[in-house]
Amino acid sequence: MNRVRWLVTGMVQGVGFRAFVAREASGLGIVGMVRNLDDGRVEVVAEGDPVSMEQLLRAVQIGPRSAAVTNVENADILVDVTMYNSFNII
């Protein structure tokens with residue numbers, strides 16, 4: 001299982017981005033969470049098999065039609081991040 005933390009930049013808040021990520025992740029059997037950050041980015045913490053994680057990354061890089069993703073940055077996973085049994089919008 002791979003575990004990642006992505007910080008997504010662009011027009012990604014207020015455009016259904018978190019719901020999009022949650023649907024994509026759940027459909028791929030990936031667990032984790034997605035949330036808005038105060039600086040306008042969206043944080044995604046996800047865990048799943050390598051093939052599914054690659055598919056999720058491709059989806060996150062594109063986003064829903066209403067979004068405009070400019071960057072997806074790999075970030076260190078914070079020690080206090082709790083993993084879930086499903087994919088959650090925080």
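**Exercise 1. Which residues in α1 meet which residues in α2?**

Solution. The model is predicted, and its protein chain has a mean pLDDT of 93, with 94% of its residues reaching 70 or more. On the side of α1, the residues in the contact are Phe17, Phe20, Val21, Glu24 and Ala25, and they meet Leu56, Ala59 and Val60 in α2. Sorted by class, this contact comprises seven nonpolar residues, no polar residues and one charged residue.

**Exercise 2. Work out how α1 and α2 are oriented with respect to each other.**

Solution. Begin with the geometry of the pair: the two helices pack at an angle of about 160 degrees, and their axes are 10 Å apart. Angles over 145 degrees count as roughly antiparallel, and therefore α1 is roughly antiparallel to α2. As a last step, consider the handedness, for which α1 passes α2 in a right-handed crossing.

**Exercise 3. Trace the order of the strands in the sheet and assign the sense of pairing to its neighbours.**

Solution. The sheet is open and consists of five strands in the order β4-β1-β3-β2-β5, with mixed pairing. Its edge strands are β4 (68-74) and β5 (87-89), each of which pairs on one side only, and the twist from one strand to the next averages 20 degrees.

Next, take the pairs in turn:

- β1 (residues 2-11) pairs with β4 in the antiparallel sense over six bridges, and Gly10 has Val69 of β4 as its bridge partner.
- β2 and β3 run antiparallel and are joined by six bridges, with Gly32 standing opposite Ala46 in β3.
- β2 and β5 run parallel and are joined by three bridges, and the bridge partner of Val34 in β5 is Ile89.

The hairpin of β2 and β3 deserves a separate step, for it has five residues between the strands, and in it Gly40 takes a positive phi near 95 degrees.

**Exercise 4. Which strands does each helix touch or lie across, and at what angle does it run?**

Solution. Helix α1 (residues 17-27) packs on the sheet and touches β1, β2 (31-36), β3 (42-48), β4 and β5, while its direction makes about 170 degrees with that of β5. Helix α2 (residues 50-62), by contrast, lies across β1, β3 and β4, and runs at about 5 degrees to β1. When weighing the angle between α1 and β5, the reader may note the confidence of the two elements: among the elements of the protein chain, α1 has the highest mean pLDDT (98) and β5 the lowest (86).

Key: Residues are numbered from 1 along each chain as its sequence is written. This is a predicted model: local features need pLDDT of at least 70, side-chain atom pairs count only at pLDDT 80 or more; totals for chains, interfaces and linings use all residues. Side-chain values use heavy atoms; hydrogens and water are left out. Two strands pair if DSSP finds at least two bridges between them. Helices (H or I, at least four residues) and strands (E, at least two) are DSSP runs, numbered from the N terminus. Axes are lines fitted to C-alpha atoms, for helices over the stretch in contact, and angles run from 0 to 180 degrees between N-to-C directions. Contact means heavy atoms within 4.5 Å. Angles under 35 degrees count as roughly parallel, over 145 as roughly antiparallel, 65 to 115 as roughly perpendicular and the rest as oblique. A crossing is left-handed if the near helix is turned anticlockwise from the far one by less than a right angle, and right-handed if clockwise. Ala, Val, Leu, Ile, Met, Phe, Trp, Tyr, Cys and Pro count as nonpolar, Asp, Glu, Lys and Arg as charged, and the others, Gly among them, as polar. pLDDT is the predictor's confidence in each residue, from 0 to 100.
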